[in-house]
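Colleague: I'd like to learn how to read the strands and pockets of a model like this one. Could you walk me through it?

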Amino acid sequence: MNKSNEPGKMNNMATIENEYLKVSILPKGAELNNIYHKITGLEYLWNADPAFWNKKSPVLFPIVGTLKGDTYYHGGKSYQMGRHGFAREMEFDLTDHDLISARFTLKSDPITREKYPFDFILHIIYSLEANQLNVRYVVHNTGSDTMYFSIGGHPAFRVPLVSAHRYHDYYLEFSQEENADRWPISGEGLIEKTPLPVLINTNRLPLSRELFAKDALVFKHLQSDSVRLLSDVSGHGISFLFKGFPYLGVWAFKGADFVCIEPWCGIADSVDSNQQLTDKEGIEPLAAGQTFERTWSVTAF
């Protein structure tokens, strides 16, 4: 497992802040721990209550979602990997840190190669611009062969943001009017073959406890590249930019006070997947020596 190159850093959070935001990140999984707005006095990230879901913003790599049978095949060999991959459970190194930015790094090693036979360096870079947090994924292929991967975010935002309000006071407003289906998730965590209509000539998705009764809403190739979490009874919310991410998940645990807005480059296996990594929907091929980058951003107000 990767260890920090600075004594005492491995178990410590990194904090970045400016006049608007104070943000902390854990080295385990390079996971966001809080997004606090100094002006509004509000915390925008879920509190990871273990009675519901003990994560806040896991990084999904080198797969997004579930593999059929938790297994994939590559180069004539089979490999096992759990849902959302291994990065979220590994210790990242804090490799660069100043007042308004922090870079966390994970490198392939014998442990990762047991599940994923590629050499890589993964950087997660957090940076602040006024009241906006940018989260940048940088994947380097350090091997001699093309690597195949998926990557995505899973941030959970508090709903309601103001305790006096209710969950169903909030809604998601997409940047474009959408006619979009959701792709149902099977009991095994796989993408079903028949989509269901959910956004019909609208850019607004009201939140409710019932909305996630059958797991996440999974969208493919939306017209929008941003979405806002808003309430008609509060002036506070977020704007979430996910340009360059072809898939979007929206999810909450039953009864929990949050909503996840999940930008994905990659998706769970379909129920009829052949389990070949190179054939996997949404898989990203990256040639030897090349670099892949994507950034999502959240603006708190």
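Colleague: How many bridges join β9 to strand β10, and in which sense do they run?

Modeller: Keep in mind that this is a predicted model. There are 7 bridges between β9 and β10 (residues 120–129), and the two run antiparallel. To see one such pairing, find A102, whose bridge partner in β10 is Y126.

Colleague: Which strand pairs with β9 over 5 bridges?

Modeller: That's β8, residues 93–98, again in the antiparallel sense. A hairpin of 2 residues links β8 to β9, and D96 sits opposite R103 of β9.

Colleague: Is β9 mostly covered or mostly open?

Modeller: Mostly covered: β9 spans residues 101–107, and 5 of its 7 residues are buried.

Colleague: Now for a loop residue. Why does E91 count as buried?

Modeller: Look at the relative accessibility: buried means under 20%. E91 is at 14%, so it counts as buried. You'll find E91 in the loop between β7 (77–80) and β8. Its C-alpha is 9.3 Å from that of F104, with the two positions 13 residues apart in sequence numbering.

Colleague: And what about pockets?

Modeller: The general idea is that a probe the size of a water molecule, rolled over the atoms, shows where empty space is left. Here, the largest pocket holds about 240 Å³ of space.

Colleague: Which residues lie nearest the centre of the largest pocket?

Modeller: R83, H84, H154, D215 and E262, out of 18 lining residues. By type, the lining divides into 10 nonpolar, 4 polar and 4 charged residues.

Definitions and conventions
Residues numbered from 1 in each chain as written. Predicted model: local features only at pLDDT ≥ 70, side-chain atom pairs only at ≥ 80, totals over all residues. Heavy atoms only, no water. 1 Å grid on protein atoms, 1.4 Å probe; cavity = no way out; pocket = protein on both sides within 12 Å on 5 of 7 lines; lining within 4 Å. Points joined across faces, edges and corners; volume = space filled by probe spheres on them. Nonpolar A, V, L, I, M, F, W, Y, C, P; charged D, E, K, R; others polar. Buried < 20%, exposed > 50% of the residue type's maximum accessible area, 1.4 Å probe, protein only. Helix = DSSP H or I, 4+ residues; strand = E, 2+ residues; numbered from the N terminus. Pairing = 2+ DSSP bridges.
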